[in-house]
There are 2 protein chains.
Amino acid sequence: MQIAIVLYPGMTALDAIGPYEILRFLPDAELRLVGTETGPLMTDSGVLALGVTHSFAETPRPDLVLVPGSGPNTATAMADKQLTDWLRRVHETTTWTTSVCSGALILAAAGLLDGRPATTHWIAQSALPAFGAEPRRDDRIVRSGKIVTAAGVSAGLDLALWLTGEIAGRDHAELVQLYIEYDPRPPFDAGHPSKARKEIFDRANRLGRQIALSPGEFKAAATVAWRRVLTRRS
Amino acid sequence: MQIAIVLYPGMTALDAIGPYEILRFLPDAELRLVGTETGPLMTDSGVLALGVTHSFAETPRPDLVLVPGSGPNTATAMADKQLTDWLRRVHETTTWTTSVCSGALILAAAGLLDGRPATTHWIAQSALPAFGAEPRRDDRIVRSGKIVTAAGVSAGLDLALWLTGEIAGRDHAELVQLYIEYDPRPPFDAGHPSKARKEIFDRANRLGRQIALSPGEFKAAATVAWRRVLTRRS
């Protein structure tokens with residue numbers, strides 16, 4: 001089984017590294033970190049560099065694809081024709097096509113979420129309908145056929161554990177869960193808009209708007225990407 | 001505030017990247033990924049490379065230090081005199097000295113856990129007493145003065161969120177928790193030895209022994225490192 005975790009400049013590292021640390025224990029899995037070109041790229045912190053092991057061209061038939069999100073760079077990735085063309089092409093033969101956080105918008109920009117339920121980071125949910133996707137604001141992971149989308153950043157851990165259960169069975173998933181000691185005990189309980197105090201939500205919303213895109217910008221990026229998909233179809 | 005996340009060859013990526021994705025939102029924080037030399041190093045998967053931004057020598061006075069663990073390479077890091085000497089030196093002036101997973105054994109090898117309660121990956125708990133540390137098998141994070149140790153791999157998220165609360169206050173911690181949507185919903189509940197089915201625990205234990213050290217090897221590494229600490233003291 002070939003696993004391709006997509007890396008792109010300005011991505012959010014944990015979106016990819018959470019699932020990576022779980023999916024790498026799938027039996028007989030070949031794990032690749034796939035990008036435009038091999039070598040290091042900078043994540044959204046401007047500090048952490050991750051290494052791409054294989055180019056898109058070198059990876060024509062992955063079995064499992066995972067697309068991470070980004071604060072500031074989702075729109076750039078959505079507009080990256082090489083990435084979205086590759087996603088659309090490999091999706092034809094994948095067993096699973098998945099995303100974490102605003103990675104769902106990149107799947108959407110590739111035209112893969114049209115008419116499907118999906119989830120994404122809470123701050124990006126409102127951008128989904130522009131691509132014909134139906135937001136599921138309260139779901140941590142959403143399966144629609146072979147496409148599985150996860151909520152923001154840390155939700156990739158739950159996604160990967162769920163995928164491990166589907167692919168290798170519950171026993172193996174529990175084995176990996178125990179191995180990475182995934183027995184979360186967050187000291188606070190504010191990880192979802194439905195749980196956060198209003199003033200905290202408002203502040204996070206403002207912070208998110210600063211480092212991510214405004215709804216208008218998402219919509220503009222959506223329009224460009226969507227137009228391309230429609231043009232290709234016609 | 002200067003944050004130094006230690007990277008070393010063969011480390012477990014999520015041990016560092018989980019906390020990184022939380023600590024980087026501390027107000028006025030300068031985040032560094034610190035290692036023997038700047039540039040890329042390979043993690044324990046043999047696939048994912050991470051980039052070191054600053055050498056130990058360039059980072060003499062970090063305020064917060066975090067040491068990740070490893071499956072197969074903890075003993076190598078414990079025996080890395082440059083790393084343990086640096087840890088002991090910077091610990092004199094840190095505000096917080098912290099570890100995730102078997103990173104606790106690296107703190108221990110630097111002589112920093114003598115006489116202290118601590119936690120680590122469940123598979124490495126039995127190695128703590130050799131360094132004079134008192135294992136706390138059921139605790140996700142253990143604070144002892146300015147030293148805070150976390151349990152295996154994914155426990156770094158809880159550690160970093162707790163630290164954020166201590167350093168920047170509860171409101172800011174909840175803000176970051178919401179931003180990374182840390183509202184865990186693991187599809188299984190087997191993330192701690194006390195929760196795992198016996199057959200799963202036995203298999204994880206065998207897997208862990210294969211990719212990590214045996215108790216005897218931990219003890220041998222412990223003896224070497226400990227002897228060095230004792231020699232230095234006398």
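Here are some questions and answers about how the two chains of this predicted model are built and how they meet.

User: Before we start, how are residues and chains labelled, and what limits apply to this model?
Analyst: Residues count from 1 along each chain as its sequence is written, and chains are lettered from A, with ligands numbered from 1, in the order in which they are written. As the model is predicted, local features need pLDDT of at least 70 and side-chain atom pairs count only at pLDDT 80 or more, while totals for chains, interfaces and linings use all residues; side-chain values use heavy atoms, leaving out hydrogens and water.

User: How many residues of chain B are in contact with chain A?
Analyst: Contact here means heavy atoms within 4.5 Å. On the chain A side, 70 residues take part, and on the chain B side the number is 70.

User: What area is buried between chain B and chain A?
Analyst: Buried area is the accessible area (1.4 Å probe) that two parts lose on being put together, summed over both. Carbon and sulfur atoms give 62% of it here, and the total is about 6400 Å².

User: How many salt bridges cross the interface of chain B and chain A?
Analyst: A salt bridge needs a side-chain nitrogen of Lys or Arg within 4 Å of a carboxyl oxygen of Asp or Glu. One example joins Lys195(A) and Asp183(B), at 2.5 Å from N to O. Over all chains the search finds 30 salt bridges, and across this interface the number is 8.

User: Which helix of chain B gives the largest share of the side that touches chain A?
Analyst: Helices (H or I, at least four residues) and strands (E, at least two) are DSSP runs, numbered from the N terminus. Elements of chain B that each supply at least two residues to this side include α1 (13–23), α5 (155–168), α6 (170–179) and α7 (198–211). The largest share, 9 residues, comes from α6(B).

User: Why do β5 and β10 of chain A each have one side without a neighbour in the sheet?
Analyst: Two strands pair if DSSP finds at least two bridges between them. In chain A, 7 strands form an open sheet with mixed pairing, in the order β5-β2-β1-β6-β7-β11-β10. β5 (54–55) and β10 (141–144) of chain A stand at the edges, so one side of each is free of neighbours because each has a single partner strand.

User: In β11(A), which residue is the bridge partner of Ser99(A)?
Analyst: Strands β7 (residues 96–99) and β11 (residues 147–150) of chain A run parallel and are joined by 3 bridges. In β11(A), the partner of Ser99(A) is Thr149(A).

User: At about what angle does α1 of chain A run to β6(A)?
Analyst: Axes are lines fitted to C-alpha atoms, for helices over the stretch in contact, and angles run from 0 to 180 degrees between N-to-C directions. Helix α1 (residues 13–23) of chain A lies across β1 (2–6), β2 (30–35) and β6 (64–67) of chain A, and its angle to β6(A) is about 150°.

User: How many residues apart are Glu166(A) and Arg143(A)?
Analyst: These two form a salt bridge, with the closest N and O atoms 3.8 Å apart. Glu166(A) belongs to helix α5 (residues 155–168) of chain A and Arg143(A) to strand β10 of chain A, so the pair links distant parts of the chain, 23 residues apart.
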